[in-house]
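This report walks through a two-chain model, from single residues to helix packing and symmetry. Please keep the sequence and the 3D view open while reading.

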Number of protein chains: 2
Amino acid sequence: MNETFVVIGGDAAGMSAASKAKREDPERAVIVFEKGEWVSYAACGMPYYVKGEVDDLDDLVTVTPEAFREERDIDLRTGAEVVDIDREGQTVTVETGDETYEQSYDDLLVATGASAIEPPFDGLDLEGVFTIHDMDEADAIEDYVTERDPTTAAIVGGGYVGIEMAEALSARGADVHLYEMLPHVLQPFGEPVAEVVEDHLREQGVDLHLETAVSGFVGDERVEGVELEDDTVDADIAIVGVGVAPNADLAEAAGIERGPTGAVATDEYGRTNDENVYAAGDCAESTHVVTGEPDHVPLALTANRAGRAIGQTVTGDPTPVGDIAGTAIVKAFELGAARTGIVDEERAREAGFDPASVTISASSRAHYYPDGAELTVTLLADRESGRLLGGSVVGRDGAKRIDTVATALTADMTVTELQNADLAYAPPFSPVWDPILTAAKVLSGNLE
Amino acid sequence: MNETFVVIGGDAAGMSAASKAKREDPERAVIVFEKGEWVSYAACGMPYYVKGEVDDLDDLVTVTPEAFREERDIDLRTGAEVVDIDREGQTVTVETGDETYEQSYDDLLVATGASAIEPPFDGLDLEGVFTIHDMDEADAIEDYVTERDPTTAAIVGGGYVGIEMAEALSARGADVHLYEMLPHVLQPFGEPVAEVVEDHLREQGVDLHLETAVSGFVGDERVEGVELEDDTVDADIAIVGVGVAPNADLAEAAGIERGPTGAVATDEYGRTNDENVYAAGDCAESTHVVTGEPDHVPLALTANRAGRAIGQTVTGDPTPVGDIAGTAIVKAFELGAARTGIVDEERAREAGFDPASVTISASSRAHYYPDGAELTVTLLADRESGRLLGGSVVGRDGAKRIDTVATALTADMTVTELQNADLAYAPPFSPVWDPILTAAKVLSGNLE
């Protein structure tokens, strides 16, 4: 009999694994259980649907359920929730609306994703209060905005989702208030990025409330305001984007171990403490390329890459899922902000390094060429070894340059080696010394 | 007595070396001889001056002669040509319009640049026929275009200068004919890039004459046409951009050795066969990071970097000039085209590799996000070791991604390692799999 590969969860990690396994071994039975109706969708595109730049929610779907079934020959079952894993018997229990049944597996992938954190706020169930983590929520927000045309919007949380939704709702005509408990927005991007982004958000008319805790929402059926410690501010719509938590309960109930971050612990092949059970995507940990320690950075590329590798591994070609550098990029109105590796000295010291850092500003193009813009680049390195630890880039033009730093981290380069990288120059694209090289040059000089 | 560092040539390499040496050791006498009047200028910006995007030729000057003299305390002598090097006596002979004198040195840097190649064409001295390699030529072209408003322009040579000048003269209203002897434009960028660029040039109205040899120009005082083998085509202005040759005669006359490329041979510190004589910039060879062999790629970053390193070395801190990957990027109307390392299989085989290559096309941004454009990416790797050898990128958006490949070459990465680099994704900036990663993924699969 052919082996059976069962996948729990039909988004990036799950569908990448299923597709790759089927492509490598067409004889294998590949069954995917997805409790919802949407599969393989680009959650990161949802703010642009709300903003109005993407016409149809279906545009965010990379591959349709029909295509998975018919073209890729994957047994994809939507509306089917796995409620139990029996590792001893190698079966999962599946509930649909109509029935409950068991399915046996030879290899199992847990790709159950993450959920938006719902803080213990009053009034979280008022109409007009949303989190945004799945397609139905994006749909509901768009409907609400179209129907009610909100004058004032409250965004709770200054992470990337909060900032993207600030841009989206501002484009839809709302006055946007953004509430962040911490001293800065985009905490994982570090202060140099946060300061540039904050100035820009204010320029764009966003009312920024830093170090401001929200305690709840008020309203009669529908949200009318945001409760702060000693004030209530009007709001016709509220988006809560305070982070996500891995969906690891199902796995944990079956004795599959979580790691220090709370996500499912995995080895370099994405295997859990059970050799027939893998985990990937937003529910799983990865290994950080700089620290070598487990980390939880729930982002799309990691999920796709790990899923694909696991699909290869289960069909007999052991493939590491790859380390992560925590690389991220976000658009904030006209700005691009990006980070990779370790971006602040305190975090670097915690990881056992003796960090030095530098922040420089430079034009994204030749000084005399039109359309250049100031880029602010931060780089960190370890004093003793000279090893590059991470960095950030922010500006109106060229934030994707973070990839140079991310590649250097993957290659374990020193900052002096990075300084000598032969990057591309022509006036329409860069100054002679690319801003990344300028930062590396200055930092390398400081290490001497 | 303080040591004296003499520099021949006041552009990128020379002025970088002089500035760095003076900054590291303010007591040192630093003397720069420049035969012309312009120093430290961005030759790469000249096409944009002709095009009209840069208002003033002075905007292309990075640091003025006055600033070098007054702020950086460098003894910069313009209009002063070094006509002889006496290595035994450690002196150079200098001619100005008025006098001839000798100057002694402890360390000498030859940074004499390169010159535009003048092919043996008839009519090369007709009015309206130009090469474009220095500021005076750029000035003369701009004047001629303004004065004569040419209807038809002939560009001889489809390298980056030819293509940039095609864009510039087209913007000035001329019908542009571009003549290239070889089967493709942008030969060092490889065929996949050339084909995309050629289609685009035609779309932009450029009349492309490939595999077409020009034998000369005709006209009465002023150029009126281009002579081909069996035809004459109208031209009111002609730009000859068929490459540059290193200015190594002065050095050679003093017994300083040329390398296999014809440029001055140097070691990893930029030193020539005379331990007190260095060479850098367009007149000198560099070491190619992939082949480990000497190469001659006269580009601005290489000149700046080598000059700076030599400035450091001569003041007592030996600093390698850094290897080159031959990274280059060029704007062709709306396109960006970029290359690094070895981009074609034949060249890779010559260098002793067993190459595999792949060319893919992918969107520069998420498929549903506005303003994305198709990027064509080529990567080469060695079959046996998996080592990345080079690549190219061409498209309307995101050609600067070549830096990821260039960084990977500097780090000696395999294509599988590059495939696992944690590059930045968000819909406005990239698909989940950056096109570079997609190419690496496909190529890595082909190597198995």
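K331(A) sits in strand β21 of chain A, residues 328–332. Helices here are DSSP runs of H or I with at least four residues, strands are runs of E with at least two, and both are numbered from the N terminus. This is a predicted model: local features need pLDDT of at least 70, side-chain atom pairs count only at pLDDT 80 or more, and totals for chains, interfaces and linings use all residues. Residues are numbered from 1 along each chain as its sequence is written, chains are lettered from A and ligands numbered from 1 in the order in which they are written, and side-chain values use heavy atoms, with hydrogens and water left out.

**K331(A) and its partners**

K331(A) has 15% relative accessibility, so it counts as buried. Buried means under 20% relative accessible area, exposed means over 50%, and partly exposed lies in between (1.4 Å probe, protein chains only). The side chain of K331(A) makes a polar contact of 2.6 Å with the side chain of E167(A). It also reaches the backbone oxygen of F333(A) at 3.1 Å. A polar contact is a pair of N or O atoms within 3.5 Å; within protein, one must be able to donate a hydrogen and the other to accept it, and residues adjacent in sequence count only if both atoms are side-chain atoms.

Which residues does K331(A) contact, leaving aside neighbours within four places in sequence? In chain A they are Y48(A), K51(A), I163(A), E164(A) and E167(A). From chain B come Y369(B), P428(B) and F429(B). Contact means heavy atoms within 4.5 Å.

**Two strand residues**

T376(A) lies in strand β24 of chain A, residues 374–382. Its relative accessibility is 9%, so T376(A) is buried. The side chains of T376(A) and S361(A) are joined by a polar contact of 3.3 Å. Beyond four places in sequence, T376(A) is in contact with V196(A), T359(A), I360(A), S361(A), S392(A), V393(A) and V394(A). D323(A) is 53 residues away along the chain, and its C-alpha atom is 27 Å from that of T376(A).

In chain B, S392(B) belongs to strand β25, residues 388–395. S392(B) is buried, at 2% relative accessible area. Not counting residues up to four places away in sequence, its contacts include F189(B), V193(B), R339(B), T376(B) and I402(B).

**Loop residues**

N276(B) lies in the loop between α7 (249–253) and β18 (277–279) of chain B. The side chain of N276(B) reaches the backbone oxygen of D106(B) at 3.5 Å. N276(B) also touches Q90(B), Y105(B), D107(B) and L108(B). The C-alpha atoms of N276(B) and Y105(B) are separated by 8.9 Å, with these positions 171 residues apart along the chain.

Q90(B) has its own loop, between β4 (81–86) and β5 (91–95) of chain B. Its phi is positive, about 55 degrees, although Q90(B) is not a glycine. S40(A) has a positive phi as well, near 50 degrees. S40(A) is in the loop between β2 (29–34) and α2 (46–51) of chain A. Most residues other than glycine have a negative phi.

| Loop residue | Relative accessible area | Class |
|---|---|---|
| N276(B) | 21% | partly exposed |
| Q90(B) | 23% | partly exposed |
| S40(A) | 11% | buried |

**Helix packing**

In chain A, the axes of α1 (residues 12–24) and α8 (residues 300–314) come within 7 Å and cross at roughly 30 degrees. Axes are lines fitted to C-alpha atoms, for helices over the stretch in contact, and angles run from 0 to 180 degrees between N-to-C directions. Residues making this contact include A13(A), A17(A) and A21(A) of α1(A), and G307(A), G311(A) and V314(A) of α8(A). By class, six are nonpolar, five polar and three charged.

Chain B has α1 (residues 12–24) and α8 (residues 300–314) packed at about 30 degrees, with axes 7 Å apart.

**Symmetry**

How does chain A map onto chain B? A rotation of 180 degrees with 0.0 Å of shift along its axis superposes them, at an RMSD of 0.0 Å. The two copies are thus related as by a two-fold rotation axis. Superposition is by least squares on the C-alpha atoms of residues with pLDDT of at least 70 in both. T404(A) comes closest to the axis of the residues of chain A, at 2.5 Å (C-alpha). The copies meet through the same surface, because 100% of the interface residues of chain A are also interface residues in chain B.

Terms used
Nonpolar A, V, L, I, M, F, W, Y, C, P; charged D, E, K, R; others polar.
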